[in-house]
Amino acid sequence: MRMRMGLFVAASLGLSVALAGCASNDAPRGTEAEQQEALEETSLNGEALSQRRTDLVRAWRDLVRLDVTMQALSDRNDSRSIVLLDNFIAEYMAKHLDPLLKPEWQSSHPEVMALDANLRFMKAQLLSNMRYPRKVQESIDDIENRFEGRESMLVEYPVGEQRSLGEALDMLRDQKWNS
C-alpha cells in the first residue's frame, strides 16, 4: 500500500514538473513595456480599432447627455440633484472614461484622434460645470501635451460647433474660471 502511495506521489510530482516546464516555455517574452507596446500595436487596426471607435462614440454620447442633464438641473436650481449628479459623473469618469482615455496611441491615430480630442474637451467641460478648476487645468494640460503641433485640427467644442483645437483650448481656459 505504501509502495503504491509512493508511486502515486512520485508520478504526480513528475507530472507537475513536466507541466510547469511546458507552461514556462509558453510564457510571453520581453519586458512588460514591450508587451504593452505590442498590445497597443494590435489595437491599431481591424476589429479592435472598430471596437475602440464604438467605445469612444458611446462615451461621447454619455458625456453629452450628462452635460445636458447638468444644464437642465442648473436651470431649475435643483442643487440636491446637482450634487447627486456630480457624484455620479465623478464615479463614471474614474471607472469608465479615464481608462478609456489612457492609451496614448488613440490621440495620434487618424481614425480615432478626433473622437479622442472631443471626449477630452467634453470631460473638461463637465469638470468646469462641476466647478473643479484644477481638474480642468489638468485636462487642458493633457490636451496640449497629446495634441502638440496639431492646433489647427477641428474639434467639436462646444457641442454642435466646430473649432480649431487651439481656439477650443482658449475658450476652455476662459470658461474654467467663469463657470
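Of the 179 residues in the protein chain, 34% count as buried. Keep in mind as you look around that this is a predicted model.

**Overall layout**

The chain is built from seven helices and two strands. Reading from the N terminus, the order of elements is α-α-α-α-α-α-β-β-α. Contacts can also be sorted by how far apart the partners sit in sequence. Taking the contacts with a separation of 6 or more, 60% come from residues 24 or more positions apart.

**The largest pocket**

A good place to begin a tour is the largest pocket, with a volume of about 270 Å³. Which residues are closest to its centre? Among the 15 that line the largest pocket, they are D98, K123, L127, E138 and S139. Three elements give two or more residues to this lining: α4 (79-101), α5 (113-129) and α6 (133-146). By residue type, the lining of the largest pocket splits into eight nonpolar, one polar and six charged.

**Around helix α5**

Helix α5 also holds R120. Is R120 buried or exposed? With a relative accessibility of 5%, R120 falls under the 20% limit, so R120 counts as buried. Beyond its neighbours within four places in sequence, R120 has quite a list of partners: L101, P103, Q106, S107, D142, I143, R146 and F147 are in contact with R120.

Now to the rings. How many aromatic pairs are counted in this model? The count is one aromatic pair. It is formed by F121 and Y157, whose ring centres are 5.3 Å apart. Their planes meet at 35°, a value between the 30 degrees limit for stacked and the 60 degrees limit for edge-to-face, so the pair is tilted. F121 belongs to helix α5, while Y157 sits in the loop between β1 (154-156) and β2 (162-164), so the pair ties together parts that are 36 residues apart in sequence. F121 and Y157 are both buried.

Another ring has a charged companion. K135 lies over the face of Y132, 5.2 Å from the ring centre.

**Backbone points to look for**

Most peptide bonds are trans, and most residues other than glycine have a negative phi. With that in mind, a few places in this chain are worth a visit. Y157, the residue from the aromatic pair, is joined to P158 by a cis peptide bond, with omega at about -10°. P158 lies in the loop between β1 and β2.

Two residues other than glycine have a positive phi: for N77 the value is near 55°, and for R131 it is near 65°. Where do N77 and R131 lie? N77 is in the loop between α3 (46-75) and α4, whereas R131 is in the loop between α5 and α6. The table sets them side by side.

| Residue | Phi | Loop | Relative accessible area |
|---|---|---|---|
| N77 | near 55° | between α3 and α4 | 66% |
| R131 | near 65° | between α5 and α6 | 58% |

Exposed here means a relative accessible area over 50%. N77, at 66%, is therefore exposed, and R131, at 58%, is exposed as well.

Notes. Residues are numbered from 1 along each chain as its sequence is written. This is a predicted model: local features need pLDDT of at least 70, side-chain atom pairs count only at pLDDT 80 or more; totals for chains, interfaces and linings use all residues. Side-chain values use heavy atoms; hydrogens and water are left out. On a 1 Å grid over the protein atoms alone, a cavity is a set of points where a 1.4 Å probe fits but cannot get out, and a pocket is an open set with protein on both sides within 12 Å along at least five of seven lines; lining residues have an atom within 4 Å of a point. Grid points are joined across faces, edges and corners, and a volume is the space filled by probe spheres set on the points. Helices (H or I, at least four residues) and strands (E, at least two) are DSSP runs, numbered from the N terminus. Ala, Val, Leu, Ile, Met, Phe, Trp, Tyr, Cys and Pro count as nonpolar, Asp, Glu, Lys and Arg as charged, and the others, Gly among them, as polar. Rings of Phe, Tyr and Trp (its six-membered ring) pair if their centres lie within 6.5 Å; planes under 30 degrees apart count as stacked, over 60 as edge-to-face and the rest as tilted. Buried means under 20% relative accessible area, exposed over 50%, partly exposed in between (1.4 Å probe, protein chains only). A charge sits over a ring if NZ of Lys or CZ of Arg is within 6 Å of the ring centre and within 35 degrees of the ring normal. Contact means heavy atoms within 4.5 Å.
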